Amino acid sequence: SSRQERTTKRVTLATAERQAQIVEAAVRLVGKYGVERTTVGQIAAEVGLSDMGPYRHFESKNEIMRAAYLSLIQRGLDWLRCSSHPSVPQRLLEIGEAHLRMLSADVEMYNAPMMHFITTVPANGILDGEEADQINQVVDFIAGIVNEGKAQKSIREDVDPIQFAWELIAWAQGEDTHYLVSTRAGVFAREAHLRMLELMIRDASANT
């Protein structure tokens, strides 16, 4: 019985590791080729499996793509958790300042694939139901920070938490896009993005 349990644990671990490898390969390939042009065969080759190998771990290409998209959303949430500064305006500033290091600059495994998902997923139906709503986790997380700021009187009472959340997301996507385009030219000037971030936070702050 004990031996059987150990074997089961090893098999489960191997399955989880292989699933993670497949998802990582899918993210990388979506960044290169886009959602539609990435095939299960390409993903399989990337991780050393036969063409049908990924189907032992995922039911379909759509399921792989959902898992890849959710992994990117999780990275976004990890970014938002990068600061725990007690002052909400300062925390928001630190979160924004960390954006380039944690997300934009990772063109292969975040920036490019997320851009492909954002621009193609709504039209192709790959994500539906809970998966399509995952961006709400990001919105709710930011809104929660804003509400915390209201409670501590560091954020203005009239600031709409959801609207601010979307403003911060739009700011981040703007930096993502600018970085992605600028890397091809070899030049990226971040000063304007940081100034926009500072103005946005200053406008929401109670003590300006």
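This is a walk through a predicted model, one selection at a time.

**The whole chain**

Start with everything shown as cartoon. You'll count eight helices and zero strands, so to speak an α-α-α-α-α-α-α-α pattern when you read along the sequence. The protein chain has 208 residues, and 42% of them count as buried. If you turn on contacts between residues at least 6 apart in sequence, 69% of those join residues at least 24 apart.

**Select 135-151: helix H6**

Now pick out H6, which runs over residues 135-151. Its 17 residues reach 25 Å from the first C-alpha to the last, close to the 24 Å expected at 1.5 Å a residue. Show side chains and colour the buried ones: Val138, Val139, Ile142, Ala143, Ile145, Val146, Gly149 and Lys150. Where do these buried residues of H6 fall when you look down its axis? They sit within an arc of 150°, so they line one face of the helix. The background to that is simple: an α-helix has 3.6 residues a turn, so residues three or four places apart point the same way.

**Add 61-80: helix H3**

Keep H6 on screen and bring in H3, residues 61-80. The two helices pack at an angle of about 10°, and their axes are 9 Å apart. That angle makes H3 roughly parallel to H6. For the contact itself, select Tyr69, Ile73, Leu77 and Leu80 on the H3 side. Facing them from H6 are Ile135, Gln137, Val138, Phe141, Ile142 and Ile145. Sorted by class, this contact of H3 with H6 has nine nonpolar residues, one polar and no charged ones.

**Swap in 88-104: helix H4**

Hide H3 and show H4, residues 88-104. H4 and H6 pack at about 155°, with axes 9 Å apart. Is H4 roughly parallel or roughly antiparallel to H6? Roughly antiparallel, given that angle. The H4 residues to select are Val88, Arg91, Leu92 and Ile95, which meet Ile145, Glu148 and Gly149 of H6. The mix here is four nonpolar, one polar and two charged residues. Ile145 is worth a label, since it appears in the contact with H3 and also in the contact with H4.

**Step off the end of H6: Lys153 and Ser154**

Follow the chain just past H6 and stop at lysine 153, in the loop between H6 and H7. Check its backbone: phi is positive, about 65°, although lysine 153 is not a glycine. Most residues other than glycine have a negative phi. Switch on the surface and you'll find lysine 153 exposed, with a relative accessible area of 60%.

Move along to serine 154, which lies in the loop between H6 and helix H7 (161-185). With a relative accessibility of 10%, serine 154 counts as buried. Which residues does serine 154 touch, leaving out those up to four places away in sequence? They are Val88, Pro89, Gly149, Ala204, Ser205, Ala206 and Asn207. You've already met Val88 and Gly149 in the contact of H4 with H6.

**Centre on Glu175**

Jump into helix H7 and centre on glutamate 175. At 0% relative accessibility, this glutamate counts as buried. Leaving aside neighbours within four places in sequence, glutamate 175 is in contact with His99, Leu100, Ser104, Phe188, Arg190 and His193. Draw a distance between the C-alpha atoms of glutamate 175 and arginine 190: they are 15 residues apart along the chain and separated by 8.1 Å.

Next, click Ser104, one of those partners. Serine 104 lies in helix H4 and is buried as well, at 0% relative accessibility. Beyond residues up to four places away in sequence, serine 104 touches His99, Asn111, Glu175, Asp176 and Tyr179. His99 therefore shows up on both lists, that of glutamate 175 and that of serine 104.

**Finish on 191-204: helix H8**

Another partner of glutamate 175, His193, is among the buried residues of H8. Select H8, residues 191-204: 14 residues reaching 20 Å from first C-alpha to last, close to the 20 Å expected at 1.5 Å a residue. Its buried residues are His193, Leu197, Met200, Ile201 and Ala204. Look down the axis and they fall within an arc of 90°, so they line one face of H8. Rotate to the other side of H8 for Glu191, Ala192 and Asp203, which are exposed.

Notes: Residues are numbered from 1 along each chain as its sequence is written. This is a predicted model: local features need pLDDT of at least 70, side-chain atom pairs count only at pLDDT 80 or more; totals for chains, interfaces and linings use all residues. Side-chain values use heavy atoms; hydrogens and water are left out. Helices (H or I, at least four residues) and strands (E, at least two) are DSSP runs, numbered from the N terminus. The expected span of a helix is 1.5 Å times one less than its number of residues. Buried means under 20% relative accessible area, exposed over 50%, partly exposed in between (1.4 Å probe, protein chains only). The arc is that of the directions from the helix axis to the C-beta atoms. Axes are lines fitted to C-alpha atoms, for helices over the stretch in contact, and angles run from 0 to 180 degrees between N-to-C directions. Angles under 35 degrees count as roughly parallel, over 145 as roughly antiparallel, 65 to 115 as roughly perpendicular and the rest as oblique. Contact means heavy atoms within 4.5 Å. Ala, Val, Leu, Ile, Met, Phe, Trp, Tyr, Cys and Pro count as nonpolar, Asp, Glu, Lys and Arg as charged, and the others, Gly among them, as polar.
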